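Okay, thanks everyone, I'll keep this short. Let me put the structure up and then we'll talk through how one chain is put together.

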Amino acid sequence: MPVEIAKVKVGSVPESNPADPAYLKIRDLIYKVSGIYYSAEKLYLLAARCARRMTVLNLATPAEYLERLLLRTSDAEQRLLLNEITIGETYMFRHPAQLDALREVILPQILQVKGSTALRRLRFWCAGCSTGEEPHTLAMFLLEQRDKLLTGWTFDILATDLNDNSLEMARTGVYGEYALRNTSHVLRRKYFKDVGEKKLQANELLKSQIRFDRINLSDDSKMLFQKGIDVIFCCNVLIYFDLVSKRRVVQHFYANLMPGGYLFMGHAESLFQVNETFRLIHFPGTTAYLKPAVSQAAGGAK
Amino acid sequence: MNDKIQSQLHDRIANLDSLPTAPTILTPLLEILRLPSEKIPFEKVIELVSLDGAIAAQCLRMANSPLFGSRYIETARSAIMALGLERVCSLLFSLCVNRSMPRDKWVIDPITFWRHSLGCAVVTQNMAKAVNYPEPEKAYLAGLLHDLGMLVNCILYTDDFRECLRQAAEQHLPIHILEEQILGFTHCDSGQILCAHWGFPKDLIDAARCHHDVALLPTAGPLACLVHLSDLLCRVRYLGYGYDEILALDLGSDVAWQTLFSSYPAFKSMDLARFTLDIEGAMDQIVATVDSIFGNKVVENKKAAAATT
């Protein structure tokens, strides 16, 4: 039959109708293994990610792909799909709502608590910083607040990753148009220099705000060493961890944070059933996890 | 709210029924809305829908909107079949209320108001389903009408309410705080009086009355608690009052959450992070639905924009 022939023709587009019930099962599987969730309305995004893998594997339907994901030896394929899911996730100012929450609520809260102590210093940690877009964004944001919210305060940003190549790129700080798509011209001029070929490099002022280091989040001895952090960013990193390791890392984060400190995860990433000690806080357009201060533990929403 | 303000509000709300713009179907519709769901008369609702061409058209648009399935529906009868009797009554009700508002009295932007109200209706219903609350359609109606008091304030206290909104936006504060300061009462008070005047069931009145008052929630019943949480969730997901509020919500510690937690065991296993992402997903459709029903202009502009891209 011609229709059948068309279906198996090399290079044909695989079936990616998001209404296919197989995608609901793939969605639930991905949520279970990674914590990343696609609502019904966003299933088309998942379908598009799957379609790329299905093309590579030469599979025609999502049901076949689901079967592949469920094989006993499917860890590698699940990881490849997660890679597809996070492609294009990293660019600067990817989550302005997180920065709004920092500026409007989180920093004022922390400054108030810490204001009574002599050491006026804030500590941030980007855990799993990949090629450095997130810590550079944070550094720009904090530098812009130096004469406003942060008058009289200093801050340091620790940015860590497991991958040496990523860290090297992050340290070099050279970015193209995609990474800078959400960065205003004012900020580009202030914190970057032109290095040709349509690329910009972070200037010394920006670079000097960030300390890069190689840390394996599963390395308990190194994790125990991090103390007194105010805010941790760990976006789309734990999705690759199994539940046991994920629980251990998040428990470390809890210990690393000051009381009243916050943990930001990826936008569609959930800690449901991973950790019960953090409190899920809703901000306009984003959520974060709070390590309650003793006096806050019994507080409620307004 | 002191006694003098309360009796003044009562009198003025009682006179609202004589608004020249109120559609004739409002009175029979209110009678239907007082009935328990199993007693709603099908033929009577069809009659009400068909009575007014503009309203019938809006019903069809709702039935054909992506929020409620995108089948192509052409008649009032099939729209009711698709949406369900209760949903159609809720829709008729909001259309009537919308029509009753004199144009120059809309202090709050009507699109903003209906996006928040419909958003709250959908979220309250979804939350009701998630925790096995027995009447999810009633939860929908409770969400839809929880802020009716704002429209009362628009009509009866136009200039003062405009000032409330202006200052609330300027200070990024919840509207009820400014209402308390400027009017001496809130949209919860005026909404409660209107809902009672229209003869709504007690739990719907309580949802309007208590949704901002954490002191009242533990005794206000599950519907008020569901509406309270949904209202907050809508406001942190860009379906609020049309201005930026500074909010940080620990919903799990909220008194409404705690109250529901004790009577609905399903709350204990609710995945709030996932629920929030589901709401975010539905947000575009809520916006599109409201725009197609209440804001012809907006839709035409969007269509024009889509056509040029």
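**Chain B and its two domains**

So, starting with contacts: if you take the contacts in chain B with a separation of 6 or more, 66% of them are between residues 24 or more positions apart. Keep in mind that this is a predicted model.

What is the chain built from? Chain B has 18 helices and zero strands. On overall dimensions, its C-alpha atoms fill a box of roughly 50 × 45 × 45 Å along the principal axes. The radius of gyration of chain B is 19 Å, and that agrees with a compact globule, because one with 309 residues would come out near 19 Å. As for burial, 48% of the 309 residues in chain B count as buried.

Now the domains. Chain B splits into domain 1, which is 3-21 + 103-308, and domain 2, which is 22-100. So you can find them on the screen: the C-alpha centres of domain 1 and domain 2 of chain B are 21 Å apart.

How many residues of each domain are in contact with the other? In chain B, 22 residues of domain 1 touch 19 residues of domain 2. Looking at the domain 1 side, the elements giving two or more residues are helix 7 (110-130), helix 8 (136-145) and helix 17 (272-294) of chain B. Helix 17 of chain B brings the largest share of that side, seven residues. And the chemistry, for those of you who like side chains: the domain 1 side of chain B that touches domain 2 divides into 14 nonpolar, six polar and two charged residues.

That's it from me, happy to rotate the view.

Notes: Residues numbered from 1 in each chain as written. Chains lettered and ligands numbered in written order. Predicted model: local features only at pLDDT ≥ 70, side-chain atom pairs only at ≥ 80, totals over all residues. Domains from an automatic or database assignment. Contact = placed C-beta atoms within 7 Å. Helix = DSSP H or I, 4+ residues; strand = E, 2+ residues; numbered from the N terminus. Nonpolar A, V, L, I, M, F, W, Y, C, P; charged D, E, K, R; others polar. Rg over C-alpha atoms; globule rule 2.2 N^0.38 Å. Buried ≥ 20, exposed ≤ 12 C-beta atoms within 10 Å, placed from the backbone.
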